[in-house]
Amino acid sequence: MSLLPILRFPDPRLQKRAAPVTKIDDSIRRLAADMAETMYEAPGIGLAATQVDVHKRVVVIDVSEEKNALRVFVNPELVDQAGLTVGEEGCLSVPGIYDKVERAERVTVRYLDLDGKPQELQAEGLLAVCIQHEIDHLNGKVFVDHLSQLKQMRIRSKLAKQARVTA
Ligand code: NI
């Protein structure tokens, strides 16, 4: 396994729409393993392939305290959503920035597992929010896109300053 570099907002590659995975083979299983390692190392609770510049519909999530409940979603699709919740979100591609985003409170997601079997999961709370956040990434959207234009401008200038300091 290996750690993958994470794209940082406002990198335009974060706006690419990921393509569905047509065949789940060892390259996809390896990608998922590398993404999981990268997520745990960061550390984060979710990562979409888009964030490591692979534009395929693969997401890894682990919202457990113990970091022992890895979930891999291939071609995830929201088939149902209900309720509304507002929570503070962050993102490994937008380091140091946290803000409130409105999401569905409960979702049903259909996806393929790493054996290529169709699965359906009902999720709520943090897991539901994380699933929506990561599917956004696959559609070329970052949580910042949910914020006001003014906030987006402030975040861009803050991150540009950070990049100058660390470069
Ligand atoms: Ni993110």
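Arg 13 sits in between the extremes of exposure: at 34% relative accessibility, the residue counts as partly exposed. In this predicted model, Arg 13 forms a salt bridge with Asp 11, with the closest N and O atoms 2.8 Å apart. Asp 11 is the more hidden end of that pair, since a relative accessibility of 17% falls under the 20% limit for buried residues.

The structure holds 9 salt bridges in total. Another one joins Arg 106 to Glu 105, where the closest N and O atoms are 3.3 Å apart. Both ends of this bridge get the partly exposed label, Arg 106 with a relative accessible area of 38% and Glu 105 at 33%. As for the bridge between Arg 13 and Asp 11, it belongs to a network: salt bridges that share partners join Asp 11, Arg 13 and Asp 53. In general terms, side chains of opposite charge can pair when their charged atoms come close.

A further salt bridge spans a longer stretch of chain. The side chains of Asp 99 and Lys 151 meet at 3.3 Å, N to O. Asp 99 belongs to strand 5 and Lys 151 to helix 3 (residues 149–166), so this pair ties together parts that are 52 residues apart in sequence. Asp 99 counts as buried because its relative accessibility is 15%, while Lys 151, at 35%, counts as partly exposed.

Asp 99 also shows up in the pattern of strand 5 itself. The covered face of that strand carries Asp 99, Val 101 and Arg 103, and the uncovered one carries Lys 100 and Glu 102. That fits the general rule that side chains in a regular strand alternate between the two faces of the sheet. Strand 5 runs antiparallel to strand 4, and 5 bridges join the two. Across this pairing, Glu 89 stands opposite Asp 99.

The loop between strands 4 and 5 leads straight to the metal site. A nickel ion has three protein donors, namely Cys 91 through SG, His 133 through NE2 and His 137 through NE2, lying 2.1 to 2.2 Å from the ion. Along the chain, these donors follow the spacing C-x41-H-x3-H. Cys 91 lies in the loop between strand 4 (85–89) and strand 5 (99–103), whereas His 133 lies in helix 2 (residues 125–138), so the pair ties together parts that are 42 residues apart in sequence.

How buried are the two? Cys 91 has a relative accessible area of 11% and His 133 comes in at 6%, so both fall under the 20% cut-off for buried residues. Leaving aside residues up to four places away in sequence, His 133 touches Glu 89, Gly 90, Cys 91, Arg 103 and Phe 143. Among these contacts are Cys 91, a fellow nickel donor, and Arg 103, from the covered face of strand 5.

As for cysteine pairing, a search of the whole structure finds 0 disulfides. For Cys 130, the closest cysteine sulfur is that of Cys 91, and at 9.8 Å the two are too far apart for a bond. Cys 130 is buried too, at 6% relative accessibility.

Away from the nickel site, an open sheet of 5 strands has the order 1-2-3-6-7, with antiparallel pairing. Strand 1 (46–48) and strand 7 (118–124) stand at the edges with a single partner strand each, so one side of each is left without a neighbour in the sheet. From one strand to the next, the twist averages 40°. Inside the sheet, strand 2 (residues 58–61) and strand 3 (residues 71–82) pair in the antiparallel sense over 4 bridges, and Val 59 has Phe 73 of strand 3 as its bridge partner. Helix 1 (residues 26–41) packs on this sheet, touching strand 1, strand 2 and strand 3, and the helix direction makes about 40° with that of strand 2.

That leaves the segment before helix 1, where Arg 8 lies. Not counting residues up to four places away in sequence, Arg 8 touches Leu 14, Ser 93 and Pro 95. Arg 8 and Ala 104, by comparison, are 96 residues apart in sequence and 26 Å apart in space, C-alpha to C-alpha.

Key:
Residues are numbered from 1 along each chain as its sequence is written. This is a predicted model: local features need pLDDT of at least 70, side-chain atom pairs count only at pLDDT 80 or more; totals for chains, interfaces and linings use all residues. Side-chain values use heavy atoms; hydrogens and water are left out. Donors are N, O and S atoms within 2.8 Å of the metal (3.2 Å for Na, K and Ca); water is not among the atoms, so sites may look incomplete. Two strands pair if DSSP finds at least two bridges between them. Axes are lines fitted to C-alpha atoms, for helices over the stretch in contact, and angles run from 0 to 180 degrees between N-to-C directions. Contact means heavy atoms within 4.5 Å. Buried means under 20% relative accessible area, exposed over 50%, partly exposed in between (1.4 Å probe, protein chains only). A disulfide is a pair of cysteine sulfur atoms within 2.5 Å. A salt bridge is a side-chain nitrogen of Lys or Arg within 4 Å of a carboxyl oxygen of Asp or Glu.
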